[in-house]
Amino acid sequence: MQIVLTKDDFTSFSPSTRAEIIAHLTSRPKVNPGQLPTGFTADDFENVVDLTPGQVEDFMAGCSEKTIAGLRVFAEHGPVIQAKLLNAAGIDKYGHFQGRITQRTRTITGDEDAFLFAWDDWSEVDEGEGQYAVTPLTFRSLRIYFELD
């Protein structure tokens, strides 16, 4: 469900209602363990954020073609992918790719601790043996952006 509030709508609410809405919108709920992909723990998703379709659009506006191609891999094969699938997008330095994505995620969300990806095995980050995952909402938003649905 999507609800749109104008500035006038928002200011018409009581201060406590406005505070509750802001608190809800800025909080990150814990991942439900029943929704975790195989091989991942709740800790892997601790600071992983959801991006809405609008946020994905803003995100892509500041990305290189290679980064966009890497995110398309998630849209086509996700929400969980083998890291080596990124090679087809010209990405073989996974740590560098992840760093660019993390920086952009933090810029878009305003959250200094935010990550877009969960990673199942940090000991294998540059070996291509691990898996990346995005949340179901981010996966859906990526598919909308790339017009895959």
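Are F97 and F117 buried or exposed? In this predicted model, F97 is buried, and F117 is buried too. The two make a good way into the fold, but the overall layout comes first.

The chain has six helices and three strands, arranged along the sequence as α-α-α-α-β-α-β-β-α. It runs to 149 residues, with buried residues making up 34% of them. Take the contacts with a separation of 6 or more: 64% of these come from residues 24 or more positions apart. On the outside, the chain exposes about 9,100 Å², and carbon and sulfur atoms supply 51% of that area.

Back to the rings. Searching the whole structure turns up seven aromatic pairs. One of them joins F97 and F117, with 5.8 Å from centre to centre and 25° between the planes, and it counts as stacked. F97 sits in helix α5 (residues 94–109), while F117 sits in the loop between α5 and β2 (118–119), so this pair ties together parts that are 20 residues apart in sequence. F117 also has Y132 as a partner: here the ring centres are 5.0 Å apart and the planes lie at 50°, so this pair is tilted. Why tilted rather than stacked? Stacked needs planes under 30 degrees apart and edge-to-face needs over 60, so an angle between those limits falls into the tilted class. Again the link is between distant parts of the chain, with F117 in the loop between α5 and β2 and Y132 in strand β3 (residues 131–133), 15 residues apart. Like F117, Y132 is buried. Zooming out a little, ring pairs join F74, F97, F117, W119 and Y132 into a cluster.

Another ring, that of F115, has a charge for company. The charged end of R106 sits over the F115 ring, at 4.7 Å from the ring centre.

Charge pairing across the rest of the model is quickly told, since the search of the whole structure finds one salt bridge. The partners are E76 and R72, and their closest N and O atoms are 2.8 Å apart. Why do these two line up? E76 and R72 are four residues apart in helix α4, so about one helical turn separates them. An α-helix has 3.6 residues a turn, so residues three or four places apart point the same way. Neither partner is buried: E76 is partly exposed at 40% relative accessibility, and R72 is partly exposed at 31%.

Just past α4 (65–77), the backbone does something worth a look. G78 and P79 are joined by a cis peptide bond, with omega at about 10°. P79 itself belongs to the loop between α4 and β1 (80–82).

That leaves the end of the secondary structure pattern. Helix α6 (136–145) has T138, F139, S141, L142 and R143 as its buried residues. The cover over these residues includes α3 (53–61) and α4, the latter being the helix with the E76–R72 salt bridge. In the segment after α6 comes E147, where phi is near 55°, a positive value in a residue that is not glycine. In contrast to the buried residues of α6, E147 is exposed, with a relative accessible area of 70%.

Definitions and conventions
Residues are numbered from 1 along each chain as its sequence is written. This is a predicted model: local features need pLDDT of at least 70, side-chain atom pairs count only at pLDDT 80 or more; totals for chains, interfaces and linings use all residues. Side-chain values use heavy atoms; hydrogens and water are left out. Helices (H or I, at least four residues) and strands (E, at least two) are DSSP runs, numbered from the N terminus. Buried means under 20% relative accessible area, exposed over 50%, partly exposed in between (1.4 Å probe, protein chains only). A salt bridge is a side-chain nitrogen of Lys or Arg within 4 Å of a carboxyl oxygen of Asp or Glu. Contact means heavy atoms within 4.5 Å. Accessible areas come from the Shrake-Rupley method with a 1.4 Å probe; for residues, only the protein chains shown count as cover. Rings of Phe, Tyr and Trp (its six-membered ring) pair if their centres lie within 6.5 Å; planes under 30 degrees apart count as stacked, over 60 as edge-to-face and the rest as tilted. A charge sits over a ring if NZ of Lys or CZ of Arg is within 6 Å of the ring centre and within 35 degrees of the ring normal.
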